[in-house]
Each structure stands twice: as structure tokens, then as C-alpha cells.
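Biologist: I would like to go through this model with you, one point at a time. Please show it first.

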Amino acid sequence: MSADAPSYLEDGYTLRSWLFTRDHKRIAVLYAVSITLFFIIGGCAAALIRLELVTPQGDLVGADTYNRLFTAHGVIMVWLFLIPSIPSVLGNFLIPMMIGARDLAFPRLNLLSWYLYVGGGALTLCALLLGGVDTGWTFYAPFSTLFSRSHVIVTLLGVFVVGFSSILTGLNFIVSVHTLRAPGMGWFRLPLFVWAHYATSIILVLATPVLAITLLLLAAERLFGVGFFDPALGGDPLLFQHLFWFYSHPAVYIMILPAMGVASEIIPCFARKRVFGYRSMAYAILAIGVISFLVWGHHMFVSGQSVYANVVFSILSFMVAVPSAIKVFNWIATLYKGSISFTAPMLYALGFVGLFMVGGLTGLFLAALAIDVHVTDTYFVVAHFHYIMVGGSVMAYLGALHFWWPKISGRLYPETLGRVAALAIFVGFNLTFFPQYLLGYEGMPRRYHAYPAEFQLLNVLSSAGAGILAVGYLLPLCYLLWSWFRGRPAGDNPWHAQGLEWHTRSPPPKDNFDAPPDGGHDPYDYRPERTT
Amino acid sequence: MNRAGYDRLAAAPGGAGYSLADIRQEHQARLGMWVFLATELMFLGPVFVGYVVLRQQFPQAMAEASHLTDVALGTINTLVLLTSSLAMALAVETARLGARTFARRALWLTAALGLVFLAIKGYEYGMDWREHLFPDARFHAKDVRDQAGARMFFFFYFFSTGLHALHLLVGMALTLAMARTLAASPAARAARRLELTGLYWHFVDIVWIFLYPMLYLLERWS
Amino acid sequence: MTDVALLPPAASSIAARTDALFYTLVGVSAAVALLLATLAVVFCVRYRRGSRADRSRPPTDARGLEWTWTIVPMLAFVGLFAWAARDYARLTRPPADALPVYVVAKQWVWTLQHADGRREIDQLHVPLGKPVRLLMTSQDVIHSFYVPAFRIKQDVLPGRYTAIWFRPTKAGTYHLLCAEYCGTDHASMAGGVVVMPPERYSRWLAEGDRSVGMARQGQALFRERGCVGCHDARATVHAPDLRNIFGRRVFTQDGRSVVADETYLRDSILEPAKDVVAGYEPVMPSFAGQLSEQDLMALIQYLRSDLNDGGRQAPAARTPEPGTP
């Protein structure tokens, strides 16, 4: 294959060539565009929520509208943004290249995944435009089955369809990693990004079907009044919670594991040092994946679950923190005796480690039974999961976008603006969500559009932070878009990174490599003195 | 397996005639089908968990309600499905050995038996509907004390057999498509694809083998 | 913005313990976070590109250190778990002399009834220093009874009972909030727990509307609804004797034994076929749909009270006077 082969971006300029592509890189770009659209919509809902919460009275929007807003925010951000974000954009783009393959195992299935995602997302959006849903993203019965007068079933259907998108992506990744690694690339030569996505894919294929069936049961209950979850007919609302959280807890690890994979690629590159404890990191990823299936009951400590179950889930939830802690230690240890530069991706990655650490520590509070009784269903939990999902996953997503932007687009984004945005996001994020820990311990429950007056100061701080955060998010949206068309050409490897994906052109040719890649390649062969 | 593995396979005796791409594709397709079956298992798992929970909550109602199913038709259906799996297994094996015509006929038989299953199921559904066993507002289970429990049983019955029937329909479509592929494509490749369809068909059959006693045989002769 | 809350009041016997655990965790987490952050910052500064720090022989793993930072956190977590679990266990074991209060939650209001019959809406008056046990159910969706000042929370479910107890240690009025999203006015489903010193509490009790005690209400129901028709020892139908039923161990037909607690009594009334007592025919009719949640609670209070004589007393000539305990 000659070096004159067109890059994947040049290989066809028609709409058809994009909408019917089988190229994993183009599909990744398609995902990036759709995910960003949903993020903006979900973000607008958040903006309205934070605006309402500036005053203790419910004066901006009515109670009912507020309930629909936080439901929309949750549904969109969880299923239409966070779960697909890193896997479907960066995973799709990079995994074939990182293993030295031309594409994923099932390219057409990959395109189908995207269409299912867009279709399901459109359905969900329909529900919102038709007036929204007011059940919360958790759809607890019997409110969602018997009492909610909103477009529950359309939303359930939308999420159901998006779920299959996830399942197919996970299936594709698993088969690809098993069967398409370049000759000589053993499992322990794989970048941790691939390990992270492999574990994520296992969770995707095993947990998402449980969600699918749960949503079906919910829809059946709502349509036919069966009574599965209705105590008046002999059913059990707690059964719904068990089924729902059996998926939704592993789901949060679907959201964080890929972010951890990203951090493990960025930090070694900009510390010019091999990642510390590669094997431990890989085992920790697998341990997190396995234990994640065993802790779902910690969402139900005050739900009426038995004391015995509570105790078991509590100790297991403490245990799942151990591999996560190990990863944090290893990332910091990677910095030791490195040669560190503070590019935008590195700022995002370091921010990720710090914010994930805080979020993870507060997870310990929630795992502790006596404390959870007080803080569950309050803003403490809201702060905890936003630290992990926004401070963790979104920071990592942005860091990944910046890190691999030269590879994906062939252009450089403006570095100074990148750093400013990263810092703005870090500051805005902390101002938004740290006060919420205090609010939670003081007793402000979740999903309240109006609250006791003494909580106002912290709410105002939080909303101010949200304003800064919004600006922080707008910046990359603008300059990344700008740089796609007007940025300086990046060259093949502007970061002098070691991953296999960096040993090909930017943007890559359609078949990823001009010459067969070397499976014995060491993706972490960084040395402090080697800055070229 | 990575490419080095495929190289070794292609070089091995008996591997001649199979291109590297073929072998890899077959391996990928098989792995993909097994992963897909794992997702199907996780899809059905909660349904079976729900059944266990129901059986614990309403042991008597579940048993009494299950007596209202037609065990004769259920048993016939089980035999039909088992025979269809036999036909499918024969099809896969004879296709592998090159007997394409026989294999295609076996596939027609498989699909036909699937159709018989669905017809009998449809007839059962009709009877259930007339007897007011569909769990809507007009539900009434004859001679069952605990109507709530019976209603749950029949919800589970319609839900699980409905999902099963849907999967069977998909299986039949795949079977018929495979019958055409066997006629059209090179024998070896088609045979390998057929093996995956067989996997799917057998999975659907196994699910029924669990559903049959859960739905029809609860305390029937005790 | 005149009231700013930064530390929640601690007004129950367990609040102090929860706070102790919480602040310990805060201290430990802050220390760990500070340590790690400092390390990270020090490394970033010391080993920034172009600095002249010693970078010889950078480690890529260190087995001893890695095992240490695996085992030590694990042990710390086990310790934290045990401490929290012990405190939690306290929450699940109410003292035997706890004052019963019956709560029925519904969209979007808390209705409470004291044993002496006094009803309250969105407010709960309790005496300082005495343990109170709430028996709760919902009439519609899942709610959650949350008093931040007491550090207690318990979901309230339809179709079953959940319970929580507390012993207030400081007089005052504290927020009562619904903590499980329950629909449109979830945020308004709030009220207050009013903790009163004993003299004020007895005055409050005396001042209120004279109401029929719950046990008496239950006794009246026991007769009016025909329970006494079968459960009386003189009845022709063979039905279990309900004297001293509450808390007794009962043996069911399928060989199990259950404790006759509130849940058992409620289930027996609504789903009598569920746990039929050994030696009896399953002929009791279900009262589902005929009794409100408040009625059920009154019956339960009757069955656990001294008034419960198994229905032996002759039926009252008229309904009891208000004000009789």
C-alpha cells in the first residue's frame, strides 16, 4: 500500500460515503457528532435545573416541569452521552489501530450500532418533545407504572433500542480483541486503553440485556397492569429496584473504566515514563469489572432490603474501592522520575485523577451503612456521582479528544485555549459540585425544585460554578470545531507518543496502516530523556 | 487467537483450501455468536429470576394456575421442537460432509417444524384468550383461589412464551436464509455459517426445555 | 439568606455516632487526598520537563509497595465497614419501650397517628429523651421518611410495613422531608418533628382534641368487621386464638415458624391464604380493599395492646366515648 493512499477523511466526500461507511474511524466521528448534540441538550436541562435552584422557592419553572427536566438530564446524560462516549468515539477509532488491525471484526455491525443509537436517541428525544417524562432516570415502580402521566413507554423504548447499540459495540470489541491482534501481540502487550475497553465490553454484553428486559417488564406492567411490581396485585416494587440496579451499577463502571484507560495512555506520554505497575493495572481493571456485578444493593440500603443483604452489599462495596485505589496510586507513581509537560490532555488527565480520587473517597462514605442512611437520596450522592461521572468520565473524554485530536483530524487545536478550558472546567466543576457534599450532609434531598431557605448559599455557589463549567465546555466545542477546518497540520506524531496508533499518518489512511504494523511493539516505551 | 495463530492453522494439514481470511472469519463469527448467546442468557436470566421469586411468593397459586395450561399441547410442542433440533443438527452435519441437498431438505424440515410449533402455540393462545387467561382486566383463572398469583403466573407465561416465539421466528428466518445460501454459496463456507445458525436454533430449543416444566409441569401429578 | 446552615443539628441519640463516623471518614479521606495530591504536585514540580532532578533508574513496579497499598486500604475498609455496620445495626433494633407512632404516607402528605389516637398531618410531636418507633406504609408510591437532624431515613413502601426508630436528645423543631421522589409535589412533602420537654409534651397531649385511642379503634373494628365471629373461643368456626398474638412464634402449615409481627398480622388480614397456621383450614376471607391502612394499623395496635382479649368481652352497646384511652 503506497503512502499516497488517501486518509480516511478524504476517502469520499458525499453524505452517502459517511452514512453508509464501514470504516470504524468514520463511525467514530459520526458518534462524536451525535453524542455532542445530546450532551448539549442534556446540558441545557442541567442549566435550567441550576438556575431554578438559585432560589429556595420553585419560581423559575413549575414542579412538574422541574421533574421532567431532571429526568431528561439523567436519561440523556447516562444513556445517550456517558455510556457511549469514550467507547463509541475513542474506542471505535483507536482499538483497531492499537491492536494493529484494519478495522473491527464486524464493521457492518458497527454501523448498525450507530443507527440503533441515533434511532433510540431520536425516540427518546421525541418523548421529551411530546412533553417529557417525570419519573426520574431510575423509573421506580409503582410511580412509573401506575402514577406517572407522561411518555414513559416511548422513553423506555428509546432506551431499549440504545441498549442494543451498546451490546453490539461490546460484542464487536470483544471479538476484535480476541481475533485481530497483530502477530506477536500478546495480551500483556496491549495498551491499558484496550484492556479497559475489553472489561467494559464484558460488562456491556452481560449487564445491558438485564436492563432491556427490565424496561420491557416495566412497559408491560404499564400497558397491561400485570402487577409484577404492584403490591396491590401481589407484586413487589423492590423487585424492580433489584432488576434495575443489577444493570445500573455495572453501568457506572461502563462509564468509568474507559476513562481509566484514557488516563493510562495520556499520563505515560506526558510524563515520558512507562505506566507504573502495568500488570496490576490490568488485573485491577478486571477486578473492577467482576466486583461491579456484586454491589448493586448499595443503592437500596434504606429501601426495605433486609439487614443481612445490606451488610453483604456494604462490605462488597468497600472491596470494589480497592482496585480503584490501586489505579490512582499507580497513576501518581507514574509521575515519579518522569519528565512532565502540562499540555491540555495532561491537565485533563491529572484533573481526572484528582477528581476521581475525591469521588471515589466519597464512595466509601456511601458504602458505610450508618452514614448512607443519612446521606442517601440527598445531594451527597448527587455530588459523589457527578465527581465520578463528570469529574472523571467527562474530563477523561475531553482529555482523550484533545490527545487524539491530531490523529483523528490531522490538525492541532490551539494549545493555550486548551489549557485555559481545562483549568476553567476544573475550577467550575469543583465550585459546582463540592458544595453539594455539604448540602447533602445537611439534609437537602435530591430531586427538589424548592428547598428550605438555609440551603440557599451553597446552592448559589453551586449554580455559579455551573456557569463557569458551561463556559469551560463551550470553549472546546468552539475551538475544536474551528481547528477541524483551520487548525495547523499536526504531523504524524506531535506528542511523540508510543502507541501503535501514533506510528501511522494523521489522519490515518482508510486501512489504518501503510505497512503491516509490528505486533511486538511496546506501547509504553517512554523514557524521560527521549523527548522526540 | 491472533494472526500468528491463524497462520499456523492455515499451514496445518487439512487446512489447505481454507484461506487465512476464511479461518479468521469463521472464528470471529463463532466467537461473536457465543457472545451473543451470552447476552441472550442475561436477557432471559431476570425472567427466570422473576419466576423463582413468584414461585416463592405464590407457591400454591402458581401450581394451580399452571394446571390450566394444556399439558398435552405443551408436550407435543416440546417433541416438535426437539425433533426440529434433530433436523437442524442433521442439516449442519450433512452440510459439513458436503451433502448439500440433504442438508437443505433437513433445513426445510426444521423450519416446517418451527412453523408447526408456532401454529400449536397460536392455537393455545387462542384457547387461553377465550378462557380469559390473558392477564388483562378480564382475567379470571377457573378454580384458583388466589387470582393475583394466578395472574402473575399467566403474565409470566405469555411474556416468556411470547419472547420465545419471537426468537423462534427469527430462527426460522435464519434457517430459510441458510437453505438458500447452501444452494448458492461454496459448500464449505455455507456449512460453517450454518453451524452458527444451528447454535442459535439449539439455544432457542434449550430455553423451551426450561420453560416447558416451569409452565406445564408444576405439581401436576403430585 | 439570613440562615446559613453549614453543620446540621444533631438531635438524636445516634446522630452523634453518625457524625463521629462521618468526621473520622472526612479526616481520613482528607489526609489521604492531601497526601496523594501533595505527592502529585511535588512530582509535577520536581520532575517537570527540563528540571534537573535525578531521573536515574525510574521504577516501573515495586512489589512490596504495591502489596502494601493494596492490603492496608483493604484492612482500613474492613474496619470502616464494621464500625458503620455496628452503628447501623443499632438502627434496626428499637428498644422494647419505644412509643409507637403509625405513619401513612401518601402523595404528598404525611399522616401520623399516636397510640392514643391523636392524629397529625406533616408534623410529629414527640417527648424529649423517649425512644419513638415509627411503623410506616404508603398508600400509593414509595416515599421516604427523612429527618436530617436525627440522621435517620427509611423508605416507606406501599403494601408493606417498614420501621425506623429514634430517641430525640435535643428539644426543637426539625425538618421532616420526603427523600424518595414521589411525583409532582415531592419537594413540598415536608413537615417538622417537634421535640418537646416532657412537661410541655404532656400539656400538648392534654390540650389536643380528645380522640379515641388506636387500640379502642382497633377493638371496635375487630367487632364491627366480624373478626370476633371466628376468632372468639366460643365461635363455631375453628380459628386461631389471638390473645397475646403479637410477637408470638406461629407455626405455619408448611412447617415453617414465623414471628407474628406487624407484617405478619397485616398479611394475615389481607392475604390469609399466605401463611396459614398449622392445624387450621384456609377459610379466612381476605379483607383486602375493605380496610384502610389506618384501619389496619388500628387493628394491629389493638392486637398488641392490653385490650386484646381475643374478642372475649361482650360487644359494646355503643361506640366508645372520645377521650377514653
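Biologist: Is L135(C) buried or exposed?
Modeller: This is a predicted model, and the answer rests on its computed accessibility. The cut-off for buried is under 20% relative accessible area. L135(C) has a relative accessibility of 3%, so the residue counts as buried.

Biologist: In which strand is the place of L135(C)?
Modeller: The strand in question belongs to chain C and covers residues 132–138. Position 135 of chain C is in that run, which is strand β5.

Biologist: Which residues is L135(C) in contact with, leaving aside its neighbours within four places in sequence?
Modeller: A contact here needs heavy atoms within 4.5 Å. Among the partners of L135(C) are V101(C), Y102(C) and V103(C), and also Y161(C), T162(C) and A163(C). The list is completed by E262(C) and M297(C).

Biologist: How many Å apart in space are L135(C) and D267(C)?
Modeller: In sequence, 132 residues separate L135(C) and D267(C). From C-alpha to C-alpha, the separation in space is 15 Å.

Biologist: What separates the centres of domain 1 and domain 2 of chain C?
Modeller: Domain 1 of chain C takes in 1–40 + 76–209, and domain 2 takes in 214–303. In the contact between them, 20 residues of domain 1 of chain C meet 12 residues of domain 2 of chain C. Taken over C-alpha atoms, the distance between the two centres is 31 Å.

Biologist: Which residue of chain C is joined to Q107(C) by a cis peptide bond?
Modeller: Omega of this bond is about -5 degrees. The partner of Q107(C) has its place in the loop between β1 (99–106) and β2 (109–114) of chain C. That residue is W108(C).

Biologist: Where in chain A is P142(A), which follows A141(A) through a cis peptide bond?
Modeller: The bond from A141(A) to P142(A) has omega near -5 degrees. P142(A) has its place in the loop between α4 (107–129) and α5 (143–147).

Biologist: Is R447(A) buried or exposed?
Modeller: R447(A) is a residue other than glycine with a positive phi, near 60 degrees. Its place is in the loop of chain A between α14 (415–442) and α15 (456–486). The relative accessible area of R447(A) is 12%, so the residue is buried.

Biologist: How does E219(B) count by relative accessibility, and what is the value?
Modeller: E219(B) also has a positive phi, near 50 degrees, and is found in the segment after α7 (187–216) of chain B. Partly exposed covers the range between under 20% and over 50%. E219(B) therefore counts as partly exposed, at 40%.

Biologist: What radius of gyration does chain A have, and what would a compact globule have?
Modeller: The C-alpha atoms of chain A fill a box of roughly 70 × 45 × 45 Å along the principal axes. For 532 residues, a compact globule would have a radius of gyration near 24 Å. Chain A agrees with that, at 23 Å.

Biologist: How many helices and strands does chain B have?
Modeller: From the N terminus on, its elements run α-α-α-α-α-α-α. Chain B thus comes to seven helices and zero strands.

Biologist: What share of the residues in chain B is buried?
Modeller: The C-alpha trace of chain B spans about 70 × 35 × 30 Å along its principal axes, and its accessible surface comes to about 10500 Å². Of its 222 residues, the buried share is 50%.

Definitions and conventions. Residues numbered from 1 in each chain as written. Chains lettered and ligands numbered in written order. Predicted model: local features only at pLDDT ≥ 70, side-chain atom pairs only at ≥ 80, totals over all residues. Heavy atoms only, no water. Rg over C-alpha atoms; globule rule 2.2 N^0.38 Å. Domains from an automatic or database assignment. Helix = DSSP H or I, 4+ residues; strand = E, 2+ residues; numbered from the N terminus. Buried < 20%, exposed > 50% of the residue type's maximum accessible area, 1.4 Å probe, protein only. Areas by Shrake-Rupley, 256 points an atom, 1.4 Å probe, with all protein chains shown as cover.
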